[in-house]
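Please open the structure in your viewer and keep the selection tool at hand. The stops below take you from one group of side chains to the next.

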Amino acid sequence: QLQASGGGLVRAWDSLRLSCAASGRTLTTMAWFRQAPGKGRLFVADIVGSGDETYYADSVKGRFTISRDNAKNTVYLQMNSLNSGDTAVYYCAARAGATTAPWSTSAYHYWGQGTQVTVSS
């Protein structure tokens, strides 16, 4: 199971860090997706294995950083320079093994419950 936390209401240009704690075994690929009101769930970033391999959506590249602590079985999403376009419910996801399509929701076996991030302008 995945438990996401860290969301909240922030102002534009603020920073926020999301956490996602996994119970049970360490899963190879962990990721963050987000879903804005009335829109589909979109890929944000993923991280594989020990953390050497990461991949970001263009919309967050240079502003967001995904990392993981395998000893704590936790993945983080550091979000900087937030803007109103980042407002969404953020979901963590995980799968055993790697994937060639980390941006696809169907690639993931496990999902967290979501945490709301609201950025006021």
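Rings of Phe, Tyr and Trp, the last taken by its six-membered ring, count as a pair if their centres lie within 6.5 Å. In this predicted model, the count by that rule comes to 6 aromatic pairs.

Begin by selecting Phe33 and Tyr108, whose rings form an edge-to-face pair with 5.4 Å from centre to centre and 80° between the planes. This pair links distant parts of the chain, since Phe33 belongs to strand S4 while Tyr108 lies in the loop between S9 and strand S10 (110-111), 75 residues apart. Phe33 is buried, with a relative accessible area of 0%, and Tyr108 is buried too, at 6%.

Add Trp111 next: its ring centre is 6.1 Å from that of Tyr108 and the planes stand at 70°, so this pair is also edge-to-face. Trp111 itself is partly exposed, with a relative accessible area of 28%. Extending the selection to Phe43, Tyr55 and Trp103 completes a cluster in which ring pairs link these residues with Phe33, Tyr108 and Trp111.

Now select Arg41, whose charged end sits over the ring of Trp111, 5.0 Å from its centre, and also over the ring of Tyr91, 3.6 Å from its centre.

For the last stop, display strands S1, S3, S8 and S7, which form an open sheet of 4 strands in that order with antiparallel pairing. Its edge strands are S1 and S7, each pairing on one side only. S7 and S8 pair over 6 bridges, and here Phe64 stands opposite Met79 in S8. Met79 is among the residues that touch the most other members of the largest nonpolar core, which has 34 residues.

Key:
Residues are numbered from 1 along each chain as its sequence is written. Side-chain values use heavy atoms; hydrogens and water are left out. A nonpolar core is a set of buried Ala, Val, Leu, Ile, Met, Phe, Trp, Tyr and Cys residues joined through side-chain atoms within 4.5 Å. Buried means under 20% relative accessible area, exposed over 50%, partly exposed in between (1.4 Å probe, protein chains only). Two strands pair if DSSP finds at least two bridges between them. Helices (H or I, at least four residues) and strands (E, at least two) are DSSP runs, numbered from the N terminus. Rings of Phe, Tyr and Trp (its six-membered ring) pair if their centres lie within 6.5 Å; planes under 30 degrees apart count as stacked, over 60 as edge-to-face and the rest as tilted. A charge sits over a ring if NZ of Lys or CZ of Arg is within 6 Å of the ring centre and within 35 degrees of the ring normal.
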